[in-house]
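Open the model in your viewer and keep the sequence panel beside it. The tour goes one selection at a time.

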Amino acid sequence: MSQFIIGLTGGIGSGKTTVANLFAELGIELVDADIIAREVVAINSNGLQQIATHFGNNILDNDGQLNRAKLREIIFTDDQQRLWLNNLLHPMIREQMIKRCHQATTAYVIMVVPLLFENGLDRLVNRTLVVDINENLQLSRTSIRDNVNEQQVANIIASQSSREYRLSKANDVISNNGKIEDLRRQVMELHNNYINLTKNNN
Ligand code: ADP
């Protein structure tokens, strides 16, 4: 039996984490790309070792952890180094994501991936689910959550794929312009649909 995988995505502050947690409350396993991306460069990992060999040990903090700020600075200004890093980490992250999904024991799995379409991870999933939000709410919720001003959030939004692009690629859409209760209702409805689809799938 192959695992039925839902790829969950959305822009910054759209509500991906909130939605994923609602699926988790229903007993569905989550595989989170951000968590795995941290694990593959954790202390003593093969990923971190290769990064330190490539960039030198001063890419590490005194305690041996990856200095993310330093790494971000390098890859922000140097496309070639960014490419090198992506070529190293993307396959590792992808492999771990697939492994975790196949280890899951629930009826289906929710894969949470901020750059699902951009990094081609939508090819690994059975269906894509986009959390959609209007830009005003996205600005206010994100700036409150991250304690940054709305202009900074607007810059991040401008650097990401557009709302229209994501929506054009979505199989399913959750609208997050309302209350948590509205989200809960939509999650419940999708959950029932997904359970039915997994029955047809097997
Ligand atoms: P993402 O994971 O997509 O970046 P989050 O799930 O962290 O987004 O949501 C962004 C912020 O908005 C969080 O502080 C979250 O608690 C809040 N939030 C999400 N959905 C709602 C909602 N329907 N009503 C009020 N606040 C919400």
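Along strand β5 (residues 172–175), which side chains are buried and which are not? Keep that in mind while you select the strand; note too that this is a predicted model.

**Stop 1: strand β5.** Select residues 172–175 and show the side chains, which alternate along the strand. D172 and I174 point to one face, and these two are buried. V173 and S175 point to the other face and are not buried. Buried here means under 20% relative accessible area.

**Stop 2: the neighbouring strand.** Add residues 127–132 to the selection; this is strand β4. Strands β4 and β5 pair in the parallel sense, over four bridges. To see one bridge partner, pick V130 and look across to V173 in β5. V173 is also one of the side chains from the first stop that are not buried.

**Stop 3: the ligand.** Now select the ligand and show what surrounds it. How many residues surround the ligand? There are 13, and the closest are K16, T17, T18, R145 and N176. By type, the shell divides into eight polar residues, four charged and one nonpolar.

**Stop 4: three polar contacts.** Zoom in on the oxygen atoms of the ligand and check these distances:

- T17: an N or O atom in its side chain is 2.6 Å from an oxygen atom of the ligand.
- G13: a polar backbone atom is 2.9 Å from an oxygen atom of the ligand.
- R145: a polar side-chain atom lies 2.7 Å from an oxygen atom of the ligand.

Next, turn on the surface. The ligand taken alone exposes 560 Å², and the protein buries 75% of that.

Colour by element to see where the shell comes from. Helices α1 (16–25) and α6 (135–146) are the elements that give two or more residues to the shell around the ligand. The largest share, three residues, comes from α1.

**Stop 5: the chain as a whole.** Zoom out and switch to a cartoon view. The protein chain has nine helices and five strands. Follow the cartoon from the N terminus, and the elements run β-α-β-α-α-α-α-β-β-α-α-α-β-α.

Along its principal axes, the C-alpha trace spans about 50 × 45 × 30 Å. The radius of gyration of the protein chain is 18 Å, which agrees with a compact globule, because a globule with 202 residues would have a value near 17 Å. To finish, colour the residues by burial: 40% of the 202 residues count as buried.

Note on methods
Residues are numbered from 1 along each chain as its sequence is written. This is a predicted model: local features need pLDDT of at least 70, side-chain atom pairs count only at pLDDT 80 or more; totals for chains, interfaces and linings use all residues. Side-chain values use heavy atoms; hydrogens and water are left out. A residue is near a molecule or strand if one of its heavy atoms lies within 4 Å of it. A polar contact is a pair of N or O atoms within 3.5 Å; within protein, one must be able to donate a hydrogen and the other to accept it, and residues adjacent in sequence count only if both atoms are side-chain atoms. Accessible areas come from the Shrake-Rupley method with a 1.4 Å probe; for residues, only the protein chains shown count as cover. Ala, Val, Leu, Ile, Met, Phe, Trp, Tyr, Cys and Pro count as nonpolar, Asp, Glu, Lys and Arg as charged, and the others, Gly among them, as polar. Buried means under 20% relative accessible area, exposed over 50%, partly exposed in between (1.4 Å probe, protein chains only). Two strands pair if DSSP finds at least two bridges between them. The radius of gyration is taken over C-alpha atoms; the globule rule is 2.2 Å times the number of residues to the power 0.38.
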